[in-house]
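Let's take a walk through this one together, from the sheet to the metals and on to a couple of individual residues. Keep the viewer open as you read.

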Amino acid sequence: MLELMMLGSGSGGNACIVKNEDTMILIDAGFSGAEIKKRMQSLGLEPEDLEACLITHEHGDHIKGASILSRRHRVKLLMHPATKQAGRKKFTGSERIRHFEMGEVMELGSMKVSSVPTLHDSDSSTGFLIESGDKQLGYLTDLGAVTEDNFLMMRHADFLVMEANHDRDMLWDGPYPPHLKARVDSRVGHLSNLDSAEFIAMLVELGKLRGVMLAHLSEKNNDPALALATVRRRVGNSLEIYVAEQHRTSKRIKVETK
Ligand SMILES: [Zn+2]
Ligand SMILES: [Zn+2]
């Protein structure tokens, strides 16, 4: 058994629970500690039961509650050394922090986690593949473009949490100042719905992927129905597609193999 529950996703904060029979981990802690606890408890879960929290990168929407979560609930934080360095102002020194190297396979309880760099304007942005028994879950957000290494890792995924940040027309017609539009649209910014759909379609062609959750949607430059329709149009009905929300937790989603 492997399941996920998105606590929330978007530029206002990201946090995702991944859980099997005996191990529970959190990916990112981008809400306040109190908010993460509240959202976990709404699903009948407690922060004390977390085996670890994986941090993708040091941006505030991924790390905001990491320090307090570690200090208050003794949660072990796992991050790349460059993430610790870049995010050092957000730590007091009393957290439980462990480092990983890209490509290293970490054993967390009964899960195995491997990491891959993503193209993003951060010192060390990371995607993860989590393995539990015969099930594999991929997690890929905060990337301006996908790399071959991203593909080589995520082709193993039965389920993928995948960024679909913006619709390019909405972005360029939208309210952001020009420099921010250019940043989001760059190769180290965020992934558009179309690019996301293209990557998902490549995985669908391999025949292993069964479901995706579109994540990190922009509230200003995207629309959940549009993101869903863009991916659906590209991949047809062969796939279960969920859309993560910023202000609400997702339902409990079971990762299934084909
Ligand atoms: Zn982000
Ligand atoms: Zn980021």
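What follows goes through the sheet, the helix packed on it, the two zinc sites and two residues elsewhere in the chain. Keep in mind that this is a predicted model.

Start with the sheet. Seven strands make up an open sheet with mixed pairing, and the order across it is β6-β5-β4-β3-β2-β1-β14. At its edges sit β6 (96–99) and β14, each of which pairs on one side only. If you're tracing the order by eye, β1 is a handy place to begin, as it has a partner on either side: β2 pairs with it in the antiparallel sense over five bridges, and β14 (residues 253–254) pairs with it, also antiparallel, over two bridges.

You can pin down the register from individual residues. Between β1 and β2, Gly-8 stands opposite Ala-15, and Met-6 has Cys-16 as its bridge partner. Over in β14, Lys-254 is the bridge partner of Glu-3. The β1–β2 hairpin has six residues between its strands, and within the hairpin Gly-10 takes a positive phi near 150°, so have a look at that backbone if you like checking torsions.

How many of the six residues of β1 are buried? Six of the six are, so the strand is largely enclosed by the rest of the structure.

Part of the packing around this region comes from helix α1. That helix lies on the sheet and touches β1, β2 and β3, with its direction at about 135° to that of β1. Its buried residues are Gly-33, Ile-36, Arg-39 and Met-40. Look down the axis of α1 and those buried residues fall within an arc of 135°, so they line one face of the helix. Ala-34 and Lys-38, on the other side of α1, are exposed. Besides β1 (3–8), β2 (15–19) and β3 (24–27), the buried residues of α1 also pack against another helix, α3 (66–73).

Now for the metals. Which protein atoms hold the zinc ion (ligand 1)? Its donors are Asp-61 (OD), His-62 (NE2), Asp-142 (OD) and His-216 (NE2), at 2.1 to 2.3 Å. In sequence, those donor residues follow the spacing D-H-x79-D-x73-H. The pair of His-62, in helix α2, and Asp-142, in the loop between β10 and α5, links distant parts of the chain, 80 residues apart. Both His-62 and Asp-142 are buried. As for geometry, the angles among the four donor atoms run from 90 to 168°, and the site is irregular. For reference, the ideal angle for four tetrahedral donors is 109.5 degrees.

The zinc ion (ligand 2) has its own set of protein donors: His-57 (NE2), His-59 (ND1), His-120 (NE2) and Asp-142 (OD), lying 2.2 to 2.5 Å from the ion. This site is irregular too, with angles of 90 to 172° among the four donor atoms. Along the chain the spacing reads H-x1-H-x60-H-x21-D. His-59 comes from the loop between β4 (52–54) and α2 (60–63), and Asp-142 from the loop between β10 (135–140) and α5 (148–154), so this pair ties together parts that are 83 residues apart in sequence.

You'll have spotted Asp-142 in both lists. Asp-142 bridges the two zinc ions, ligand 1 and ligand 2, which are 3.4 Å apart. With a relative accessible area of 1%, Asp-142 is buried.

Two more residues are worth a click. His-156 is in the loop between α5 and β11 (159–163), and is it buried, exposed or partly exposed? At 33% relative accessibility, His-156 counts as partly exposed. Its contacts beyond four places in sequence are Leu-129, Gln-136 and Lys-208. Leu-209 is 53 residues away from His-156 in sequence, yet the C-alpha atoms of the two are 7.9 Å apart.

Asn-193, in helix α8 (residues 193–206), counts as buried at 1% relative accessibility. Beyond four places in sequence, Asn-193 touches residues including Ala-164, Asn-165, His-166 and Asp-167, as well as Asn-222, Leu-226 and Val-231.

Conventions:
Residues numbered from 1 in each chain as written. Chains lettered and ligands numbered in written order. Predicted model: local features only at pLDDT ≥ 70, side-chain atom pairs only at ≥ 80, totals over all residues. Heavy atoms only, no water. Buried < 20%, exposed > 50% of the residue type's maximum accessible area, 1.4 Å probe, protein only. Helix = DSSP H or I, 4+ residues; strand = E, 2+ residues; numbered from the N terminus. Arc of directions from axis to C-beta. Contact = heavy atoms within 4.5 Å. Donors = N, O, S within 2.8 Å, 3.2 Å for Na, K, Ca; no water. Tetrahedral: all angles 85-135°; square planar, octahedral: opposite > 155°, others 65-115°. Pairing = 2+ DSSP bridges. Axes fitted to C-alpha atoms, helices over the stretch in contact; angles between N-to-C directions.
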